[in-house]
Amino acid sequence: MEDDSRKFSVWFAKIQVGFSKNHKRNKKRMVFRWNVVWVCCVVFLAGILMYSWPVHAQEAVPQSVTIDPKIEKEILWVGDEVELPVTVSPKEAADTKLNWEVSDPQVFEVVKRDDQTILIVKKMGKATITVKAGEVSASVELWAWDLVLPLSLVAVAVVIGIFVVVIAMDENKKRVSQTKDLEQK
């Protein structure tokens, strides 16, 4: 029986040693598994943050700026206030601040009202309007007319017309009188 008890104790000791070896091995495996889980969680959260974080791409710069060409065809009178529609491309451009220059500020003035750019016609003349957005620009040459000039021209034309009619009537009277004189003779 002593032999059996010795066998049992050896067997039990082997189990304990094996268990402790397996336990250490299992403990290492568990630590490794938990480390893998933590790494996966960190990578997952980093992916979510990177996906949801605002991406700061290279800021777009204005490539072109255009003034609506319809403005060139309009007749601008002194006292008019006309909207100056401008387009900056691309629309996502970061620097869309517009800088205006007028070659003759006595003729035109550019002002900002609310979200509109307004061109004010101050006196008769010609000026070049230039708009710059970043490094690009556009220009348009405009004429301003004064209502006094056309009215003056109309008045002069009326006076000349009346004068011509009076002269024509006078000539006609002379012809009629000459015809009557010839008939009487």
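**Salt bridges, sheet and surface patch**

In the predicted model, Glu 81 has a relative accessible area of 47% and is therefore partly exposed. The category applies because this value falls between the limits of 20% for buried and 50% for exposed residues. Glu 81 forms a salt bridge with Arg 113, and the closest N and O atoms of the pair are 2.6 Å apart. Since Glu 81 belongs to strand S3 (residues 81–83) and Arg 113 to strand S6 (residues 108–113), the salt bridge ties together parts of the chain that are 32 residues apart in sequence. Arg 113, with a relative accessible area of 38%, is likewise partly exposed.

The search of the whole structure gave three salt bridges. Another of them joins the side chains of Glu 101 and Lys 132, at an N to O distance of 3.4 Å. Here the residues lie in strand S5 and strand S8, respectively, so that parts 31 residues apart in sequence are tied together. Glu 101 is partly exposed, at 42% relative accessibility, and Lys 132 is partly exposed at 34%. A further salt bridge is found between Lys 126 and Glu 141, with 3.8 Å from N to O. Lys 126 is in strand S8 and Glu 141 in strand S9, so this pair links parts that are 15 residues apart in sequence. Both residues count as partly exposed, as the relative accessible area is 39% for Lys 126 and 42% for Glu 141.

Several of these strands belong to a sheet. Strands S2, S9, S8 and S5 form, in that order, an open sheet of four strands with mixed pairing. Its edges are strand S2 (76–77) and strand S5 (98–102), each of which pairs on one side only. Strand S2 runs parallel to strand S9 (residues 136–145), and two bridges join them. That number is enough for the two strands to count as paired, because at least two bridges are required. Across this pairing, Trp 77 stands opposite Trp 145 of S9.

Trp 145 also takes part in the one aromatic pair that the structure holds. The ring centres of Trp 143 and Trp 145 are 5.8 Å apart and the ring planes meet at 15 degrees, so the pair is classed as stacked. The angle decides the class, because planes under 30 degrees apart count as stacked. Trp 143 is partly exposed, with a relative accessibility of 46%, and Trp 145 is partly exposed with 35%.

The two tryptophans of the stacked pair are also members of a nonpolar surface patch, together with Ile 75, Val 78 and Met 124. The accessible area of the patch comes to about 470 Å². Met 124 is located in the loop that connects strand S7 (116–121) with strand S8 (125–133). Its relative accessibility of 36% places Met 124 among the partly exposed residues.

For the protein chain as a whole, three helices and nine strands were assigned. Along the sequence they follow the pattern α-β-α-β-β-β-β-β-β-β-β-α. The chain has 185 residues, of which 16% count as buried. Its exposed area is about 15200 Å², and carbon and sulfur atoms supply 61% of this area. Among contacts between residues at least 6 apart in sequence, 56% join residues at least 24 apart.

Key. Residues numbered from 1 in each chain as written. Predicted model: local features only at pLDDT ≥ 70, side-chain atom pairs only at ≥ 80, totals over all residues. Heavy atoms only, no water. Patch = residues over 30% accessible without salt bridge, like charges linked within 9 Å, V, L, I, M, F, W, Y side chains within 5 Å. Areas by Shrake-Rupley, 256 points an atom, 1.4 Å probe, with all protein chains shown as cover. Salt bridge = Lys/Arg side-chain N within 4 Å of Asp/Glu carboxyl O. Buried < 20%, exposed > 50% of the residue type's maximum accessible area, 1.4 Å probe, protein only. Phe/Tyr/Trp six-rings, centres within 6.5 Å; stacked < 30°, edge-to-face > 60°. Contact = heavy atoms within 4.5 Å.
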